[in-house]
Amino acid sequence: MRKDVRILLVGEPKVGKTSLIMSLVSEEFPEVVPYRAEEITIPADVTPERVPTHIVDYSEAEQTDEQLFQEISKANVICIVYSVNSKKSIEKVTSHWIPLIIENTDKDSRVPLILVGNKSDLVEHSSMETILPIMNQYSEIETCVECSAKNLKNISELFYYAQKAVLHPTGPLYCPEKKNMKLLCVKALTRIFKISDLDNDGILNDHELNFFQRTCFNTPLEPQALEDVKNVVRKNMSDGVCDNGLTLKGFLFLHTLFIQRGRHETTWTVLRRFGYDDDLELNQDYLFPSLKIPPDCTTELNHNAYLFLQSVFDKHDKDRDCALSPEELRDLFDVFPYMPWGPDVNNTVCTNEQGWITYQGYLSQWTLTTYLDVQRCLEYLGYLGYSIVAEQESQAAGVTVTRAKKIDLQKKQTQRSVFRCNVFGDIGSGKSGFLQAFLGSNLMRQKTIKEEHRSYYAISTTYVYGQEKYLLLHEVFPDFDYLSDADLACDIVCLVYDVSNPYSFEYCAKVFKQYFMDSKTPCMMIAAKSDLQEAKQMYSCTPLEFCRRHKMPPPQYFTCNTTAAPSRDIYTKLTTMAMYPHARLRCMCTCNRCTFCLCQNFLNSELLQTVRAKLYAVVLRRHVSQADLRSSTFWLKASVGATVFAVLGFAMYRVLLKPR
């Protein structure tokens, strides 16, 4: 909506332009009328629409044609004033003023016109019979108002309609010649209907109509008022109401009725609430709300945003198979001006056997978009109506900006849920296969992927000590000399080499030495294609020796040439290393079933830590004196206690070892 309104009054001399302005301001007819009134600004709190209004007068005696043309170009709405008792002034409306205004305004920016019949106190008849053909001839004319500056008749209404013509114009909404709404308006209202149809059954039931009413007008409709609205639709069209709910046709009919009855401010209120500007395009401020992201921070969706996206998925998964078919996906994105997800998305997230995006894959793709391009995520959430349905101030309320990574390292803990792993490797080393295996695709299935549908990203969930985390794999193009900051910025580095290619490891070693040897980013070596014959790597040392020398975990053997889906254990290890980059993990297993994991969990448990702290306080701080420390009895007791503890520990180890 505009921040202010500029109204220009033009017309033949002596028709009462200046008198109208002075009567509005002083609320009485002026005895002395100057040739031209100075520009007047009416404050926002005085106007009905709460918008500052500037009223500009024109005088042929005091202003040149050039000055008139400048005022026409600056005006938001132009009032052409004529005298109802002067045929000449009425004729000049079509012969001079309308052509002059059209000629001096931009064709792309339509300026609304108001016809003003002044001096209605001097005649008993109306001029509307003469004016109506003119209004039908020119679509720029919003309305016609007959008034009298002398007895103050319709003066306030005149300027209210002028304001309304700017703030709630009819032009973008309605075509008077065809007597129906314009295509852009229909498209915008259709999107609004689909967003408000919370269960996606094609009908707005009473609950959804009340939600729509509260959203747009901050008040629900009474049950009788709802029935009255539906009855109006029923009387005018047979398919406007179905199962006691409003269909899309009925919804569009209601708004057509509002516009035809001069209540187009109702339609504009709805359109603006759902983010549309005066050109019926979604406002940039609505699509891209302000969101500050400090350096070294990442962006993730929060719990409320995930709940909203889950509801959108459930709304469109009509067959309840926890996957979106191509038809269901098109229906979901029908509120978008374009299809946001291409065929590559099916090779970026998890899909079912038919190649349809699963529920998990759907959430993963949203997580990926938020992490890589948060502005695009905000735009997409705007199209879906997140701020409206979730009743939030903007889409930015659904995004969490994580704290800086250096703070996580200092505190040795992180609250992040998404971790990025950049995958390096020479051409043909098996990087793409490593990414696709994360999505459950074995080598046979990977061969069916078309080259143009290939993705350099793969994202899915892993579980680390019972916590669900997202791991984002990014395949880095193997151009050793031109690695960008984005290629190097990650939570963990994955160096992939082909065990069957003797020259494959050398690339990984060079990348590590040049870019990651002195960094704090943890690295893991992946020995890909482990189902093939292992060749000796033509390098100064073996991969295992290289890893030991640089304090890396030993190379992890991996293959995607399996009958079933490839193992996901290695991806859990990567996520664990990304979560705890400060820890030197002696065991690369995070299964929570083996002896090491169980013992580690027991030793790190809060219960054991609490007991140990209390024993330390009781034994060493309260009961141990200097005399006790010199006593042989004290040390005998301590030795026995240590022996008992060791025996119990060994017994527990044997018990835990039996299931293995």
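Start by selecting α17, residues 405-411. With three residues, α17 gives the most to the lining of the largest cavity. You are looking at a predicted model.

**Stop 1: the cavity**

Keep α17 selected and add α23, residues 569-579. These two helices each supply at least two residues of the lining. Now show the lining residues in full. From the first stretch, pick Lys405, Asp408, Leu409, Lys412, Gln413, Thr414, Arg416 and Phe419. Then add Ala578, Met579, Pro581 and His582.

How much space lies in this largest cavity? About 70 Å³. A search of the whole structure, for cavities of 30 Å³ or more, finds one.

Next, colour the lining by class. Five residues are nonpolar, three are polar and four are charged.

**Stop 2: the nonpolar core**

Move to Tyr362 and Trp366. The largest nonpolar core has 66 residues, and these two touch the most other members.

Select Trp366 and bring up its contacts. Which residues does Trp366 touch, leaving aside those up to four places away in sequence? Show Leu301, Leu309 and Trp341. Then show Cys377, Tyr380, Leu381 and Leu384. Trp366 touches each of these residues.

**Stop 3: two loops**

Go to Asn218. This residue sits in the loop between α7 (206-217) and α8 (223-236). Check its backbone angle: phi is near 60 degrees, a positive value in a residue other than glycine. Most residues other than glycine have a negative phi. Is Asn218 buried or exposed? Asn218 is exposed, because its relative accessible area is 71% and exposed means over 50%.

Jump on to Asp243. Find it in the loop between β10 (241-242) and β11 (245-247). Phi of Asp243 is near 50 degrees, again a positive value in a residue other than glycine. Asp243 is exposed too, with a relative accessible area of 69%.

**Stop 4: the whole chain**

Zoom out and switch to a cartoon view. The chain has 27 helices and 21 strands.

Now show the surface. The chain exposes about 34,800 Å². Carbon and sulfur atoms supply 52% of that area.

What share of the 660 residues is buried? Buried residues make up 48% of the chain.

Finish with the contacts. Take those with a separation of 6 or more. Residues 24 or more positions apart account for 69% of them. Trace a few in the viewer to end the tour.

Definitions and conventions. Residues are numbered from 1 along each chain as its sequence is written. This is a predicted model: local features need pLDDT of at least 70, side-chain atom pairs count only at pLDDT 80 or more; totals for chains, interfaces and linings use all residues. Side-chain values use heavy atoms; hydrogens and water are left out. On a 1 Å grid over the protein atoms alone, a cavity is a set of points where a 1.4 Å probe fits but cannot get out, and a pocket is an open set with protein on both sides within 12 Å along at least five of seven lines; lining residues have an atom within 4 Å of a point. Grid points are joined across faces, edges and corners, and a volume is the space filled by probe spheres set on the points. Helices (H or I, at least four residues) and strands (E, at least two) are DSSP runs, numbered from the N terminus. Ala, Val, Leu, Ile, Met, Phe, Trp, Tyr, Cys and Pro count as nonpolar, Asp, Glu, Lys and Arg as charged, and the others, Gly among them, as polar. A nonpolar core is a set of buried Ala, Val, Leu, Ile, Met, Phe, Trp, Tyr and Cys residues joined through side-chain atoms within 4.5 Å. Buried means under 20% relative accessible area, exposed over 50%, partly exposed in between (1.4 Å probe, protein chains only). Contact means heavy atoms within 4.5 Å. Accessible areas come from the Shrake-Rupley method with a 1.4 Å probe; for residues, only the protein chains shown count as cover.
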